[in-house]
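Student: Please take a close look at one strand residue and its surroundings, starting from the residue itself and working outwards. I would like a single connected account that goes on to the empty space and the aromatic contacts.

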Amino acid sequence: MHTTVTPTAPFQGFRHRQSSDVEEHARQLSGWQCRYDQVTPGRFAGSVTELHLEGIQLARDQANQAIVKNGNAWPNAITFSLPLETRDPGFHCDGHAVSGPCLLTAHSDRLPEVRAPAYLDLLRVTIDESLLEEVQGHQQRSLNLPAVAHCYRLGSHSERDELIPLARSLMQGDSPRSQALLTHAAIRSGFRDMVLMHLLDLIDNERITLLAPHARKRIVDRACDYALAHRDAPPSIVDLCNQVGASRRKLQYCFQETLGINPVAYLRTLRLNGVHRDLLQADKNVQDTASHWGFWHLSRFAADYRQLFGEHPSETLQRAKRDFAEYG
């Protein structure tokens, strides 16, 4: 049974730093060696919000001036760079103009020179290559990234549309709410695995092989059995994919064809039931309980909870308190 403990100390893997000079800004990203040249006139203002999650470094890099960026990350890592927002939709990579939604990937020791436009809000994710290979190995896939920097052009309806609000919600600089959410292990684990899955999906060119109904059902049954055996701590989508040896795309295809839902929604339902059970204890706090079960978007959580149980989470808690007062 889960117990809810109100966090008392900030998560040590989260850091936010502001800079007023481009040279200072170049030193903000830990584990990197960077050289930045400011190319537009005016006073510099920038910030780096950094989050470390077991083999993954996420950095939200914001600056008000255009910068030419050179540098390297730590050895044996892969970098993914995804613009969250920019006033100028284009940038230059190794002398080539790039426009439109894109994801730039590169090996840590072969990073290209990039000219980033002013007011770029960039999410940079750096992952140990061994971690990517391990995940792909569990899912019976291989990591086939180009040897040189590569720009993946993204469609308008892709995993990017889920990843961007996800990153914004949990990496809001010195926001007390962001820091409070990240003290919960379930939030950190869920965020880490969703980032990992979204990035792998963005670079994945897998063609789903159509399976016979009995083969799809066998995969779904294995996934459901595993999830239900761990209902007090539901697995993440990465755990589930690793357990059944399938990519998220393949697992989603099997779930959709067999049950009419996707595996993320299935796991969300298990976690919502966990919140429901905890609130019925009558001594819980809705926000802390939701965070403990990995829900960071409270309004979306409340809507999903109400849709599933027919009442707001606060109503479940109040009902439990009335029952406790009446019956003890």
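**A strand residue and its surroundings**

Tutor: Thr126 is found in strand S11. The model is a predicted one, and what follows should be read on that footing. Thr126 has a relative accessible area of 0%; since buried means under 20%, this residue is buried.

Which residues surround Thr126, once its neighbours within four places in sequence are left aside? It is in contact with Trp32, Gly55, Ile56, Gln57, Ala73, Trp74, Ala77, Ile78 and Thr79. Several of these names return below, beginning with Ile78 and Thr79.

The strand pairing comes next. S11 covers residues 120-128 and is joined to S6 by eight bridges, the two strands running antiparallel. Within this pairing, Ile78 has Ile127 of S11 opposite it. Strand S9 (residues 102-107) also pairs with S6, through four bridges and again in the antiparallel sense; here Thr79 faces Ala106 of S9. S6 thus has pairings with S11 and with S9. Seven of the nine residues of S6, which spans residues 77-85, are buried, so that strand is largely enclosed by the rest of the structure.

Trp32, one of the contacts of Thr126, also takes part in a charge-over-ring arrangement. The charged end of Arg124 sits over the ring of Trp32, at 5.0 Å from the centre of that ring.

Arg124 leads on to the enclosed space. A search of the whole structure finds three cavities of 30 Å³ or more, and the largest holds about 290 Å³ of space. Of the 21 residues that line this largest cavity, Lys69, Ser81, Leu104, Val114 and Arg124 are the closest to its centre. At least two lining residues are supplied by each of S2 (33-38), S5 (67-72), S6, S9, S10 (114-116) and S11. S5 makes the largest contribution to the lining, with four residues. The strands S6, S9 and S11, already met through their pairing, are therefore among the elements that line the largest cavity.

Strand S2, another contributor to that lining, contains Cys34. In contrast to the buried Thr126, Cys34 is partly exposed, with a relative accessible area of 21%. Leaving aside neighbours within four places in sequence, its contacts are Ala26, Asn70 and Gly71.

The loop between S10 and S11 holds Tyr119. This residue has a positive phi of about 60 degrees although it is not a glycine, and at 40% relative accessibility it counts as partly exposed. Asp94 likewise has a positive phi without being a glycine, in its case about 50 degrees. Its place is in the loop between S7 (90-93) and S8 (96-99), and its relative accessible area of 48% makes Asp94 partly exposed.

A second charge-over-ring arrangement opens up another part of the model. The charged end of Arg271 sits over the ring of Phe295, 4.3 Å from its centre. Arg271 also belongs to the surroundings of the largest pocket, whose volume is about 980 Å³: of the 37 residues that line this pocket, the closest to its centre are Gly190, Met194, Arg271, Gly294 and Trp296. Helices H3 (160-170), H5 (185-202), H7 (237-244), H8, H9 and H11 (298-309) each give two or more residues to the lining. H5 gives the most, with seven.

Phe295 also has aromatic partners. A search of the whole structure finds five aromatic pairs. One of them joins Phe255 and Tyr266, with ring centres 5.7 Å apart and planes at 50 degrees, so this pair is tilted. Phe255 lies in H8 (residues 248-259) and Tyr266 in H9 (residues 263-279), so the pair ties together parts that are 11 residues apart in sequence. Both Phe255 and Tyr266 are buried. Phe295 and Phe301 form a tilted pair as well, 5.1 Å from centre to centre and with 40 degrees between the planes; each of these two residues is buried. Together with Tyr305 and Phe309, they make up one aromatic cluster.

Notes. Residues are numbered from 1 along each chain as its sequence is written. This is a predicted model: local features need pLDDT of at least 70, side-chain atom pairs count only at pLDDT 80 or more; totals for chains, interfaces and linings use all residues. Side-chain values use heavy atoms; hydrogens and water are left out. Rings of Phe, Tyr and Trp (its six-membered ring) pair if their centres lie within 6.5 Å; planes under 30 degrees apart count as stacked, over 60 as edge-to-face and the rest as tilted. Buried means under 20% relative accessible area, exposed over 50%, partly exposed in between (1.4 Å probe, protein chains only). A charge sits over a ring if NZ of Lys or CZ of Arg is within 6 Å of the ring centre and within 35 degrees of the ring normal. Two strands pair if DSSP finds at least two bridges between them. Contact means heavy atoms within 4.5 Å. On a 1 Å grid over the protein atoms alone, a cavity is a set of points where a 1.4 Å probe fits but cannot get out, and a pocket is an open set with protein on both sides within 12 Å along at least five of seven lines; lining residues have an atom within 4 Å of a point. Grid points are joined across faces, edges and corners, and a volume is the space filled by probe spheres set on the points.
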